[in-house]
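Work through the exercises below with the model open. Try each task before reading its solution.

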Amino acid sequence: MNIIWPCPAKINLFLKILNKRKDGFYNIKTIFQIINYCDYIKFFVNKSKKIKIINPIFGIKNKNNLITVAAKLLQKYHYKKYGILPGVNIKIVKKNIPIGSGMGGGSSNAATTLVALNILWKCNIKIKKLLEIAQKVGSDVPIFVRGFSSYAEGRGEKLKKINLFENWYVIAIPPIRISTKEAFFLFEKNTTKKETIEKIFSNDLETVIIKKFQILKKYIFWLSKFAPSSITGSGSCVFSAFNKKKEAKKVLSKIPKWMDCILVKGINFSPLKKVQEIVKKILSVCN
């Protein structure tokens with residue numbers, strides 16, 4: 001089936017970090033806003049019993065790619081349930097979401113892999129179980145499996161669907177990558193005071209990240225002249241929110257040459273959900 005599956009990005013409208021858990025993760029509170037900016041993937045199911053990414057992402061070994069991690073967990077589940085080890089070739093059609101940007105690219109790729117292969121491999125896993133598998137892959141994967149903008153707690157897996165105003169965002173993409181692991185290490189090492197107030201456009205990681213990656217000051221300062229601005233997730237991307245596309249485009253037209261920026265729209269319903277329903281209908285007719 002020659003279907004292109006979308007992997008939408010997200011931004012965190014705020015990020016509050018609470019206590020460290022026994023499992024090594026932190027409890028957090030955040031709002032995930034899904035945006036209309038996507039990677040795209042194709043899946044070619046076969047009987048090889050192997051999981052292969054046809055065109056690997058530069059700098060990431062296939063075995064460490066969350067696409068592979070997700071597919072292997074689903075393959076294991078399929079084997080336990082049906083006694084068959086399915087195979088798949090995976091093609092990354094377009095990689096738009098920058099690595100180490102705080103926009104959830106790897107997590108979204110993994111979520112799309114779980115959703116797509118659950119259908120294409122005919123695993124028939126219900127959403128509750130699929131979310132449990134998603135959580136094993138990564139803390140941000142469940143939000144993309146659910147496919148709705150949400151208020152999140154726990155590691156990010158306790159999700160409450162919310163309808164947000166679908167703002168327009170100018171997102172600046174600095175020439176640096178920041179891993180989630182590094183960001184939380186910096187937070188643990190340098191943070192003592194912990195506030196309990198949840199403020200929109202605030203991020204508890206921002207101060208410690210900027211301290212190390214001072215180039216981000218420049219981005220936040222410039223964008224803040226026009227609208228509230230913050231890093232998203234663990235960085236490195238910086239976003240500004242606008243009520244109207246016209247306002248956002250006006251700012252985008254003023255962007256200096258040293259800034260790389262994109263214009264995106266916040267959405268409450270993931271495009272992955274739409275493709276998921278279309279494919280299910282096609283398969284039901286074929287069967």
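Three exercises follow, each with a worked solution.

The model is predicted: local features need pLDDT of at least 70, side-chain atom pairs count only at pLDDT 80 or more, and totals for chains, interfaces and linings use all residues. Residues are numbered from 1 along each chain as its sequence is written, and side-chain values use heavy atoms, without hydrogens and water.

**Exercise 1.** Describe the surroundings of strand E10.

Solution. Helices (H or I, at least four residues) and strands (E, at least two) are DSSP runs, numbered from the N terminus. E10 spans residues 261–267. Five of its seven residues are buried (under 20% relative accessible area, 1.4 Å probe, protein chains only). Next, find its partners; pairing takes at least two DSSP bridges. Strand E7 (residues 168–172) runs antiparallel to E10, with five bridges. Here alanine 172 faces cysteine 261. Strand E2 (residues 26–46) also pairs with E10 in the antiparallel sense, over two bridges. Isoleucine 35 sits opposite glycine 266.

**Exercise 2.** Classify the packing of helices H2 and H9.

Solution. H2 covers residues 105–120 and H9 residues 271–286. Their axes, lines fitted to C-alpha atoms over the stretch in contact, come within 10 Å and cross at roughly 10 degrees. Angles run from 0 to 180 degrees between N-to-C directions. H2 is therefore roughly parallel to H9 (under 35 degrees).

**Exercise 3.** Locate isoleucine 84 and list its contacts beyond four places in sequence.

Solution. Isoleucine 84 lies in the loop between helix H1 (66–82) and strand E4 (87–94). Beyond its neighbours within four places, isoleucine 84 contacts His78 and Tyr79 (heavy atoms within 4.5 Å).

Technical notes. Buried means under 20% relative accessible area, exposed over 50%, partly exposed in between (1.4 Å probe, protein chains only). Angles under 35 degrees count as roughly parallel, over 145 as roughly antiparallel, 65 to 115 as roughly perpendicular and the rest as oblique.
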